[in-house]
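Here are some notes to read alongside the structure, written for someone meeting a model of this kind early in their studies. Please keep the sequence and the 3D view open while going through the points.

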Amino acid sequence: MTAPHPVNHQPGFVLHSHAYKETSLVAELFTRDYGRVAAVARGARRPLSGLRGLIQPFHPLLLSWYGRGELRTLHAAEWQGGLAPLSGRALIAGFYLNELVLKLLARDDPHEGLYALYDQTLQSLAAGPGALEPLLRRFELGLLKEIGYAATLDRLAVSGEPVSAAACYRYQPGHGVVPEDAGAGIAVSGRTLLDLAAGEFAAPATLGEGKHLMRALIHHHLGGKALYTRLLLQELAEL
Amino acid sequence: MNPPASLQNLIEALRILPGVGPKAAARMAYHLLQRDRPGADKLALSLNRALAGLRHCRLCNSFAESEICELCANPRRDPALLAVVEMPTDLAMMEAAQTYAGRYFVLMGRLSPLDGVGPRDIALDRLIERALDGVVREVVLATNFTPEGEATAHTIAALLKARDIAVSRLARGVPLGGELEYVDSGTLAQAYRDRRSL
Ligand SMILES: [Zn+2]
């Protein structure tokens, strides 16, 4: 008898894992063609399990599983290599990416574009010392766009009128860009909106305003759920 | 038909153990009551005694029966070296290696950003206080080589370096007696990255 719904050698990453029963793990995976998938790795906590060292975040893997429903069965993971382990601030940034994906993406929805961006962002983090902020802003924006929360940045929501670099606007979560005098919404300059729309993160003002805008949008779409990685950074700053 | 209340309470109580579901808890309860009543008695007594008698050592934060544990009170242990481990089991493993002669600090956990375990949930503030006693010269980070253990090590290193304490980390690589044929790819990749010149 063959296993139901087998998927073989699917490129993916482990986002997080937790102990399950005596010797197993449940791994939250982010895969190229299947999006977020949860799977149990039976016996993965046994000392000699071949899966033991592989069910770790931040390493590209080829994953094989079967089954359907909430929890698949992961029966093989192959090391893909090529990525240095994250360390220091890049490691904390990696946890932040994983937390965003876990909390904002629904399971079993493919997001190939975002997967490519995730892969690319991890590679940049692993390649070592470089500015983290542009990488994080690019990923946040990519994620928000992918799930439809920041679809249009270079045009006004109602009129469709193009955003002008010299003007000021507000961004209303769930709605879009509105004129500055519209009242509610996150204040943001036209320059920043155009830079973000074009994927340009070089200007310090764009990074600063972009961070503020993305933070507010993420907060809004998390619906009150806390981001632990952000709390961690705050608590560490107080020690 | 429901089991009697005290039996049901016992089954519920056993379920707090990690990895123990309702079926396993019921099996344990029947075993204790039916097959091994003296064992059950001993378990109840030891649990009570441990709860009443054990506390955290003032110096290393591990479990102790007095204010300062035996290891911390041992004058032959080098007070200038302080190894930081996640759990008492890790301390026991370091001791079994019979090569480290310094003192310890046991965090009783690790930072786990995605589980919401932050610096306030492990004893980071007490570790810093301990490392700054004026006698400790080097802190050896022996947390696990998982992303969580690494994040914990990085955090401690950053906090201590800012306070002028030397910080080192256990090396990683091919295990002793390890034949490359049987070493997992991740370990081998890391061993190559951390290779040293001869
Ligand atoms: Zn002690």
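1. A good place to begin is the chain fold, where residues 24 or more positions apart account for 53% of the contacts in chain A with a separation of 6 or more. Please keep in mind throughout that this is a predicted model. Of the 239 residues in chain A, buried residues make up 33%, and the C-alpha atoms of the chain fill a box of roughly 65 × 40 × 30 Å when taken along the principal axes.

2. The secondary structure of chain A comes to six helices and eight strands. Reading from the N terminus on, the elements run β-β-β-β-β-α-α-α-β-β-β-α-α-α, an order that you can follow along the chain in the viewer.

3. Chain A is divided into domain 1, which covers 1–84 + 106–130, and domain 2, which covers 132–238. The contact between these domains takes seven residues from domain 1 of chain A and five residues from domain 2 of chain A, and the side of domain 1 that touches domain 2 divides into three nonpolar, four polar and no charged residues. The C-alpha centres of the two domains of chain A lie 30 Å apart.

4. How do helix α1 (residues 88–104) and helix α6 (residues 228–238) of chain A pack, in angle and in distance between their axes? They pack at an angle of about 150 degrees, with their axes 8 Å apart. Because angles over 145 degrees count as roughly antiparallel, α1(A) is roughly antiparallel to α6(A). In this pairing, I92(A), F95(A), Y96(A) and E99(A) in α1(A) meet Y228(A), T229(A) and L233(A) in α6(A), and by class the contact has five nonpolar, one polar and one charged residues.

5. Chain B is divided into domain 1 (5–20 + 28–53) and domain 2 (63–169), and the C-alpha centres of these two domains of chain B lie 33 Å apart.

6. The contact between the chains takes 25 residues from chain B and 29 residues from chain A. On the side of chain B that touches chain A, α6, α7 (147–161) and α8 (185–193) of chain B each supply at least two residues. The residues of that side of chain B divide into ten nonpolar, ten polar and five charged.

7. Helix α7(B) deserves a point of its own, and one may ask how many of its 15 residues are buried. Twelve of the 15 are buried, so that α7(B) is described as mostly covered; among the buried residues are P147(B), H154(B), I156(B), L159(B) and L160(B). The buried residues of α7(B) pack against α1 and α6 of chain A, together with β3 (78–85), α6, β5 (138–141) and β6 (166–169) of chain B. From its first C-alpha to its last, α7(B) reaches 21 Å, close to the 21 Å expected at 1.5 Å a residue.

8. The last point concerns a single residue, G116(B), which lies in the loop between β4 (102–106) and α6 (124–131) of chain B. Is G116(B) buried or exposed? With 14 other C-beta atoms within 10 Å, G116(B) is partly exposed, because a residue needs 20 or more such atoms to be buried and 12 or fewer to be exposed. G116(B) and P4(B) are 112 residues apart in sequence and 38 Å apart in space, C-alpha to C-alpha.

Notes
Residues numbered from 1 in each chain as written. Chains lettered and ligands numbered in written order. Predicted model: local features only at pLDDT ≥ 70, side-chain atom pairs only at ≥ 80, totals over all residues. Helix = DSSP H or I, 4+ residues; strand = E, 2+ residues; numbered from the N terminus. Contact = placed C-beta atoms within 7 Å. Nonpolar A, V, L, I, M, F, W, Y, C, P; charged D, E, K, R; others polar. Domains from an automatic or database assignment. Axes fitted to C-alpha atoms, helices over the stretch in contact; angles between N-to-C directions. Parallel < 35°, antiparallel > 145°, perpendicular 65-115°, else oblique. Expected span 1.5 Å × (residues − 1).
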